[in-house]
Each structure stands twice: as structure tokens, then as C-alpha cells.
Amino acid sequence: MYVKPNDLVTTMIDAGESKIFMSTRDTLVRASMGGALLALAAAFAVTVSVTTGIALLGAVLFPVGFIMLYLLGYDLLTGVFVLAPLAWLDKRPGVTVRGVLRNWGLVFVGNFIGAFTVAAMMAVVVTFGFDTAPNEVGEAIGHIGEGRTLGYAEHGAAGMLTLFVRGMLCNWMVSTGVAGAMIAKDVPGKAIAMWMPIMLFFFMGFEHSIVNMFLFPSGIMLGGEFTVMDYLVWNEIPTVLGNLVGGLVFTALPLYATHARTAARRSLPTRPTATRDEIDQPA
């Protein structure tokens, strides 16, 4: 079943409102599990890409994590970057900027807890409890961290701009996946609508702040030649900002402006005013 765009935006606004008023405990639990499932999906995708040598196959399979966490009602920072502001724009009672920022902060913390936990567990898995050197998957994760921190830093301001734009493009696709899931009412429809944009962002190498919460801490544990400060300055912080701007500019605001704030207008034909003689004429 297909949900029309006007109804879709109302659903997104309702979802944003509910997330803003969600309890601290529920927000943290849902965000932690969302971050953990997405991290597992990232580990799975890297494993598939490394063991098969086919990067596209890893990208095709990565969306399973996003689909699982969405169907279970868990949250990602990239999603609430879009949904929560919509409730504020629509002036829902009790929705404030402070409430939106509170939601973002709690989801960020929860996502990091979940992603970091999986990063530590995967580091144990690929090193036999740190008893051996990382296997080929572990080495690949370490090199990803190096390339997507120091690789940007080598280009200075141009590298920072590239990182920011990749973050924007990422959440354009991820938030489109969130919206797409609400367009469909059945599970297969939701899965297909989410699959396409998520696969695109992963294969194109766009920057996702929660995926990076797994890749980079895990990379440091596995001997990647970069530091925590490299990760924060040359990836996580600019990526978060890019994800925020991309989700708002390319998904939330266009949908809201054209489907929530704009009503179709139709001009009625003008009828000539009848004269008294015409009114008095018999039918």
C-alpha cells in the first residue's frame, strides 16, 4: 500500500513529535540498539567485501541492518535530524528547540554506546581476544580509518569540504530511506524503499556518523595509524554537521514546504451576473 506524500509528511511530523517527548530511558535504549545493529551491518558489509573482493556485494547487503533497526523501532541520529525538526516547524504544542536538541543529544550518546560496544566485540572476534594480529577483515577496518581521517587531512580545507559534502549526501540518502519506509505499509514495501538509497550511500563512500562510530574506534583498537583526535576532527564532527545539513536541506525542508505548507489552488470559473429580466424568465 502506497502512502501519498501529503500523508507521508504528516506521518513524519507525528514521528518527530513522539521522539521529542519520549522518555530518556527509552530514547537511550532505542538509540543504543540502533547504533549496535547498524555497526553489525557495517562489519558484515566489510567482511563480505574483503572475503569476496566484490565491494558492490557488501553495499548490496549492508541495508539489512538499517531495515532491521527501523522495523524494530530503534533510532539513529541521522533519522532524528530530519524528523524532530519537522515537529518544531509544524509548531506542535510543547515542541521546542530545547526539546529537539535534547533528543539529538540523547540519540547521539545512545548510538555511540551501541556502535562502540560492537566495535570492541568485533575487535575481539578478528584478533581471537587480542591474542593474534588482526585478520584480513580487521586490517581492512584499520585502513578504512586511516584513509578517511588522514586521507582528508592531507588535503587541508579541500579535504574538510569533501568530508562535509559526503556527510550531506549521505544523510540525503539515509533520510530518504526513512521517508521511503513510511511511504509503504507492508514489510516488503518498506524494505525495498529503504534498501535502494542506503545501498547507494554505502557504495559511494559517503560519510555516516553512526557507521563511523563503529569503524573508527574499531580501527584504533586494531592498530590503525590514526588518533582519537584525528577521528574527531577529521571525520566525526564534520560528518555529524554534514549529516544534519543534508537531512534538513534535501529531505525535511523540501517535503515540508511542498506537501505540508502548500495547498493546491484551483480557480473557479466566473459566471456572469444575471439581470433581473433573466431571473424572472420562466424555466
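Let's start inside helix H2, where Gly-34 has its place. This is a predicted model, and the tour below goes from two residues of that helix to the two largest pockets and then to the aromatic pairs. Helix H2 is a handy thread to follow, as it also gives the most residues to the lining of the largest pocket.

**Two residues of helix H2**

- Gly-34 has a relative accessibility of 0%, so it counts as buried, the limit for that label being under 20%.
- Which residues does Gly-34 touch beyond its neighbours within four places in sequence? They are Leu-69, Tyr-74, Asp-75, Leu-76 and Asn-111.
- With Tyr-74, the contact spans 40 residues of sequence, yet the two C-alpha atoms are 5.0 Å apart in space.
- Ala-39 is also a residue of helix H2, and with a relative accessible area of 1% Ala-39 is buried.
- Once residues up to four places away in sequence are set aside, Ala-39 touches Ala-115, Val-118 and Phe-214.
- For a long-range reference distance, take Ala-39 and Arg-261: they are 222 residues apart in sequence, and their C-alpha atoms are 37 Å apart.

**The largest pocket**

- Its volume comes to about 280 Å³.
- A set of 18 residues lines the largest pocket, and those nearest its centre are Val-46, Ser-49, Ile-144, Arg-148 and Phe-202.
- Where does the lining come from? Helices H2 (24-52), H7 (136-147), H10 (187-203) and H11 (209-221) each supply at least two residues.
- Helix H2 leads with 5 residues.
- If you are thinking about chemical character, the lining of this pocket divides into 13 nonpolar, 4 polar and 1 charged residues.

**The second largest pocket**

- Here the volume is about 230 Å³.
- This pocket is lined by 16 residues, with Lys-19, Tyr-70, Tyr-74, Asp-75 and Leu-83 closest to its centre.
- Two of those names, Tyr-74 and Asp-75, are familiar from the contacts of Gly-34.
- Helices H1 (5-20), H4 (63-71), H5 (77-89) and H9 (157-183) each supply at least two lining residues.
- Which helix gives the most to this lining? It is H5, with 4 residues.
- By class, the lining of the second largest pocket has 11 nonpolar, 3 polar and 2 charged residues.

**Aromatic pairs**

- How many aromatic pairs does the structure hold? There are 8 aromatic pairs.
- One of them joins Phe-81 and Trp-104 edge-to-face, with 5.0 Å from centre to centre and 85° between the planes.
- That pair links distant parts of the chain, as Phe-81 belongs to helix H5 and Trp-104 to helix H6 (residues 97-125), with their positions 23 residues apart in sequence.
- Are the two partners buried or exposed? Both Phe-81 and Trp-104 are buried.
- Phe-201 and Phe-202 make another edge-to-face pair, at 6.2 Å centre to centre and 80° between the planes.
- Phe-201 is buried, its relative accessible area being 2%.
- Phe-62 joins Phe-201 and Phe-202 in one aromatic cluster, and Phe-202 is also among the residues nearest the centre of the largest pocket.

Conventions
Residues numbered from 1 in each chain as written. Predicted model: local features only at pLDDT ≥ 70, side-chain atom pairs only at ≥ 80, totals over all residues. Heavy atoms only, no water. 1 Å grid on protein atoms, 1.4 Å probe; cavity = no way out; pocket = protein on both sides within 12 Å on 5 of 7 lines; lining within 4 Å. Points joined across faces, edges and corners; volume = space filled by probe spheres on them. Nonpolar A, V, L, I, M, F, W, Y, C, P; charged D, E, K, R; others polar. Buried < 20%, exposed > 50% of the residue type's maximum accessible area, 1.4 Å probe, protein only. Contact = heavy atoms within 4.5 Å. Phe/Tyr/Trp six-rings, centres within 6.5 Å; stacked < 30°, edge-to-face > 60°.
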